[in-house]
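The following exercises concern a single protein model and are each followed by a worked solution. The reader is invited to attempt every task with the coordinates at hand before consulting the solution.

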Amino acid sequence: MSRSESKHAPSLKPALFLERAPPSMFSPYLQSLSDSSIEIAINAPFNYASENDETELIKALEKIDPKRIKKIKIWKWKISLKTFVLFCEKIGRMSALEEIYFSRNGFTSEFAQSLSKALIEPNGPGKALKNFLFRGNDLSDQGIEWIAKSLKDPNGPGENLLYLDLSNSNFSDKGLECLLESLNSENGPSGLQQLNIIGNNISSVGTISLVKALGNPNGIGKSLKELILDFNPIGSIGAKAILRAESVLEYIWLNDCIIEDEPNLDRNSDELVLAV
């Protein structure tokens with residue numbers, strides 16, 4: 001498990017947990033559940049799903065009320081765009097969904113587009129969603145723009161969203177600008193407390209935009225407690241800017257951000273965490 005995964009991701013104890021299990025097991029597991037809510041987790045390390053696997057997944061979801069599903073966690077399991085579109089149609093009816101976790105699935109911007117549409121469905125998860133993790137996928141700036149679009153939609157994730165993780169998603173300052181605009185929009189997630197953007201391509205330019213966004217008292221500046229910027233090339237200029245930001249931030253993570261000339265930072269520390 002990587003350092004970024006172990007420290008920041010919300011815990012998940014699923015009622016339905018399939019670790020290295022064939023997707024053909026979806027149906028019997030789902031049929032046997034009688035709880036009022038269902039949590040789904042699938043871990044299949046870097047396995048590509050067969051056409052039959054994907055069919056089984058969709059069939060399994062057809063057998064349960066989407067309003068019963070509270071959490072979805074799928075990591076290291078690669079499915080086709082065609083199946084993901086069908087999966088997102090189901091997500092668009094999961095009005096009680098509190099956590100979405102997709103990690104290292106080989107997704108691109110087209111997958112982000114499908115998920116973005118599901119998040120703004122009138123009967124979708126927008127208002128219930130608390131933790132949104134879409135990490136370790138090659139979303140690029142275009143994919144982040146799709147996610148940002150859902151965040152500022154009236155039906156999208158609103159005041160209940162607490163944790164947003166877009167780490168290792170291969171986006172740059174351009175994608176960050178779009179994301180920040182949505183986070184500070186009228187319908188944006190006004191209660192967001194943690195933002196994880198580890199391992200992207202954010203420079204000092206993007207960091208300064210982030211500082212400006214944190215200065216908005218009507219946006220994330222009033223709620224964000226923890227900012228995780230590890231492994232971004234923000235440089236000393238970006239580091240100084242973020243450390244001097246006027247905000248309610250309590251913790252800023254700056255591991256391996258190329259901070260050359262900050263005399264008060266312990267560059268030998270395994271965990272460079274700054275309590276503001």
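**Exercise 1.** Determine whether G126 is buried or exposed, and establish what surrounds G126.

*Solution.* The model is predicted. Step one is accessibility: the relative accessible area of G126 is 1%, and the limit for a buried residue is under 20%, so G126 counts as buried. Step two is location: G126 belongs to the loop that connects α5 and β5. Step three is the list of contacts: once neighbours within four places in sequence are set aside, G126 touches L119, N155, G156, P157 and G158. One of these, N155, is 29 residues from G126 in sequence, yet the two C-alpha atoms are 5.8 Å apart in space.

**Exercise 2.** Carry out the corresponding analysis for T207: in which helix is T207 placed, and with which residues is T207 in contact beyond its neighbours within four places in sequence?

*Solution.* T207 is part of helix α8, which comprises residues 204-214. Its relative accessibility is 0%, which means that T207 counts as buried. Apart from neighbours within four places in sequence, the contacts of T207 are I202, I234, G238 and I242.

**Exercise 3.** Compare the end-to-end distances of helices α3 and α6 with the spans expected at 1.5 Å a residue, and list the buried residues of each helix.

*Solution.* Begin with α3, residues 51-62. The expected span is 1.5 Å times one less than the number of residues, so the 12 residues of α3 should cover 16 Å; the C-alpha atoms at its ends are 17 Å apart, which agrees. Its buried residues are D53, E54, E56, L57, I58, A60 and L61.

Continue with α6, residues 140-151. This helix also has 12 residues and extends 17 Å from first C-alpha to last, close to the expected 16 Å. Buried in α6 are D141, G143, I144, I147, A148, S150 and L151. The elements covering these buried residues include α5 (109-119), β5 (131-135), β6 (163-165) and α7 (173-183).

When reading such lists, it helps to recall that an α-helix has 3.6 residues a turn, so residues three or four places apart point the same way.

**Exercise 4.** Describe the environment of strand β3 and the surroundings of K73.

*Solution.* Strand β3 covers residues 69-78, and nine of its 10 residues are buried, so the strand is largely enclosed by the rest of the structure. Its pairing with β4 is parallel and consists of five bridges. K73 stands opposite Y101 in β4. The charged end of K73 sits over the ring of Y101, 4.6 Å from the ring centre. K73 also lies over the face of W75, where the distance to the ring centre is 4.5 Å.

**Exercise 5.** How many aromatic pairs does a search of the whole structure find, and how is the pair F107 and F111 classified?

*Solution.* The search of the whole structure yields 11 aromatic pairs. For F107 and F111, the centres are 4.4 Å apart and the planes are at 15° to one another, so the pair falls under the 30 degrees limit and counts as stacked. Both of these residues, F107 and F111, are buried. They belong to one aromatic cluster that is formed by F84, F87, F102, F107, F111, F132 and F134.

**Exercise 6.** Examine the positive phi values of R104 and N168, and state where each residue is placed.

*Solution.* R104 is not a glycine, yet its phi is positive, about 55°. This residue is in the loop between β4 (99-103) and α5. With a relative accessible area of 28%, R104 is partly exposed. N168, likewise not a glycine, has a positive phi of about 50°. Its place is the loop between β6 and α7, and at 34% relative accessibility N168 counts as partly exposed.

**Exercise 7.** State how many disulfides the structure holds, and classify the accessibility of C178 and C257.

*Solution.* The number of disulfides is zero. C178, at 21% relative accessibility, counts as partly exposed. C257 has a relative accessible area of 1% and is buried.

Terms used: Residues are numbered from 1 along each chain as its sequence is written. This is a predicted model: local features need pLDDT of at least 70, side-chain atom pairs count only at pLDDT 80 or more; totals for chains, interfaces and linings use all residues. Side-chain values use heavy atoms; hydrogens and water are left out. Rings of Phe, Tyr and Trp (its six-membered ring) pair if their centres lie within 6.5 Å; planes under 30 degrees apart count as stacked, over 60 as edge-to-face and the rest as tilted. Buried means under 20% relative accessible area, exposed over 50%, partly exposed in between (1.4 Å probe, protein chains only). A charge sits over a ring if NZ of Lys or CZ of Arg is within 6 Å of the ring centre and within 35 degrees of the ring normal. Helices (H or I, at least four residues) and strands (E, at least two) are DSSP runs, numbered from the N terminus. Contact means heavy atoms within 4.5 Å. A disulfide is a pair of cysteine sulfur atoms within 2.5 Å. Two strands pair if DSSP finds at least two bridges between them.
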